[in-house]
Structures are given as C-alpha cells and as structure tokens.
Amino acid sequence: MDDTITFEVADGVATIALDRPERLNAFTSEMLRDLLGALREADADDEVRAVLLTGTGRAFCAGQDLADPAVSGENADLGALLEERYNPIVLTMRQIPKPIVVAVNGVAAGAGANLALAGDIVLAARSAKFIQAFAKIDLIPDSGGTWQLPRLVGSARALGIALLGEPVGAEQAKEWGMIWDVADDDELMDVAGDMARTLAQGPTRAYGAIKRAMDAAATNTLDEQLDLERDMQRELGRSDDYREGVAAFMEKRTPRFTGR
Ligand code: LHQ
C-alpha cells in the first residue's frame, strides 16, 4: 500500500482515509487499488465490525485525477479503468456485510461523490458539497451514480443534478434524502466515529442481512422480497445475537452482541 490511503483499526472500527490532500484526494490508479485493498482487509478482519471512510484535508475526494495518465493519454480506456478499479470498489462496498459509515468532510466530486453515496450511512460536514461533475467533461455519472441517484432522490432531481453538474450542499442533500445527516464541520469526525463504534458493538449478522435485503429490493418483486425476508429471518432467529438481544430486553439490560 502506498501512502495515499490510511488504514487503522480501533474499537472494532476500520477507519479508511483518502489521503492525498494536495490534490483534494483525487484518485490515481494506485490509490484506487489501495482503497480496494483496504476495503477487502476490513472485510476479512474478524476484529472489524464497522468501517468508517473519510478524507484528509479540506476535501473528501475530487473524483478521478484528471492528470493521471490512465485517463489523459490519447488511447485512454475509461471503461477499463471502471471495470478494473471503480466498479470493484462499489461492489465491495455494497457486498461487505459490515456497515460502512462515510464522513464527507468536504467537497465530494465525480466518482468521489458516488463512492461516498455507496456507503450505508453518509454523514456530511455542513460545508461539504456533492458535485456530479461528469457532464462538464462529457461523461456520465459513474461508480454507480446513475443507479444510486434516482433511487435516493427520484429521477427528476437525479437528472437535474447530473445534467447541470451544480454543487448540492450538505443541507440540501439531507433534505433530498441523498444522505443521512449533517454535522457541524468541527464535530463531523466525532459524530461519525461514535456512530461507527456504536455499530461495531451491534448485531453484525443482522446488519449484513439488512444491507443485502435493501439492495435486493431494487430488483425483486414484493413476492421475492417477502421470501428473502422469511429466509433471512429464519437464519437470524437461530443466531446467538438474536437470543442475546431478546434476553437482554427481557432482563432490562444492555445486550452484549458478538456477531455470532
Ligand atoms: C484536481 C482534481 C482532479 C486533478 C482538483 N484531478 N486535479 C473519470 C474518468 C475515468 C474513469 C473513471 O471515472 C471518472 C470519474 C470522475 O471522477 S470524472 C470527474 C473528475 N472530477 C472532476 O471533474 C472535479 C474536478 N475538480 C473540481 O471541479 C474542483 O477542483 C472542486 C469543485 C472539486 C474543488 O474546487 P476548489 O475548492 O476551487 O479547488 P481547486 O479547483 O482549486 O483544486 C485544488 C487543486 O486540486 C487544483 O490544483 P492546483 O495545482 O491549481 O492547486 C486542482 O487542479 C486540483 N484538482 N480536482 N479531479
């Protein structure tokens, strides 16, 4: 791993920071490779029960580094870059059964915005903004943007955001349902850290199932979704954490979830 992604584990939380502040954390190919590596490490480590993704400096991420030879050369193949780098990151974020909290500490543009929206709970600093900058350079929103945006904010707003490419402020993003919440700039990391630590102590099997079920709902019929809920509930009903949750409720005490 080079030094553009930082990764540390504490209190059951893997904190991953995009760390190229002099370029507003714009992605190079190596950085994308390392981000995927960090996500996979968080997935594989049993000590990790929640992930916190953020950026270093004044930006969350300015999207693809437009000066990177992978996109600026005569024969650049943007499809290959998506196939090999961005798409696996988005899929991994959705497939990791651990909750991913994203702390959007500043501007999130292009693929930076859409990778943020691929998280499970997105918190933004009050001064942060989301910019679908793609159309300004004759591209479409990628990294799942065309899938996420209409689901989050409806197609009228998704089209306006993508076609106009104008910044959407954090408060507006919250009001539109694009993100979960807004925090004061100097409180964002505390709020996001508390949330990630709380999730890390929670019933992680249920969290994984919730992520899978919500995503499956995008393509399932009601009938299929009801079957999925039945199957998941049957499995979760046999877990230690279910028994512990019910026992703790009955005994009026705080549950001690283990993820089993
Ligand atoms: C940058 C970047 C950047 C390089 C700021 N690259 N240097 C695309 C292609 C292929 C396949 C995969 O998919 C994609 C996905 C994409 O993400 S396409 C969209 C790429 N991103 C953009 O178009 C956003 C470009 N950046 C901006 O619009 C602005 O920089 C924002 C609005 C993010 C921030 O504006 P300011 O706060 O005014 O900062 P700044 O513009 O002055 O930027 C600071 C420095 O960072 C500056 O360099 P300099 O040497 O002048 O200090 C910028 O050139 C550099 N930078 N984004 N994406």
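Here is a short tour of this structure, one selection at a time.

**Before you start**

This is a predicted model, where local features need pLDDT of at least 70 and side-chain atom pairs count only at pLDDT 80 or more, while totals for chains, interfaces and linings use all residues. Residues are numbered from 1 along each chain as its sequence is written, and side-chain values use heavy atoms, with hydrogens and water left out.

**Stop 1: strand 5**

Select residues 100-104, which make up strand 5. (Strands are DSSP runs of E with at least two residues, helices are runs of H or I with at least four, and both are numbered from the N terminus.) Five of the five residues here are buried, so the strand is largely enclosed by the rest of the structure. Buried means under 20% relative accessible area, using a 1.4 Å probe and protein chains only.

In a regular strand, side chains alternate between the two faces of the sheet. Colour Ile-100, Val-102 and Val-104 for one side of strand 5, then Val-101 and Ala-103 for the other: both faces are covered.

**Stop 2: the neighbours of strand 5**

Now add residues 50-55, strand 3, which runs parallel to strand 5 and is joined to it by four bridges. Look for Leu-52, whose bridge partner in strand 5 is Val-101. Next, add strand 7, residues 121-125, also parallel to strand 5 and joined to it by four bridges. Val-101 turns up again here, with Ile-121 as its bridge partner in strand 7.

**Stop 3: the ligand**

Click on the ligand and show the 23 residues around it (those with a heavy atom within 4 Å); Arg-23, Arg-58, Gln-64, Ala-111 and Asp-142 come nearest. Helix 3, residues 78-95, gives the largest share of this shell, with four residues.

Try a few distances. From a polar side-chain atom of Asp-142 to an oxygen atom of the ligand you should get 2.4 Å. A backbone N or O atom of Gln-64 lies 2.8 Å from a ligand nitrogen, and one of Leu-66 lies 2.9 Å from a ligand nitrogen. Taken alone the ligand exposes 1,000 Å², and the protein buries 66% of that.

**Stop 4: the open sheet**

Finally, pick out the open sheet of four strands in the order 4-6-8-9, with mixed pairing. (Two strands pair if DSSP finds at least two bridges between them.) Its edges are strand 4 (59-61) and strand 9 (168-169), each pairing on one side only. Strand 4 and strand 6 (residues 107-109) pair in the parallel sense over two bridges; zoom in on Ala-59 and its bridge partner in strand 6, Val-107.

How values were computed. Buried means under 20% relative accessible area, exposed over 50%, partly exposed in between (1.4 Å probe, protein chains only). A polar contact is a pair of N or O atoms within 3.5 Å; within protein, one must be able to donate a hydrogen and the other to accept it, and residues adjacent in sequence count only if both atoms are side-chain atoms. Accessible areas come from the Shrake-Rupley method with a 1.4 Å probe; for residues, only the protein chains shown count as cover.
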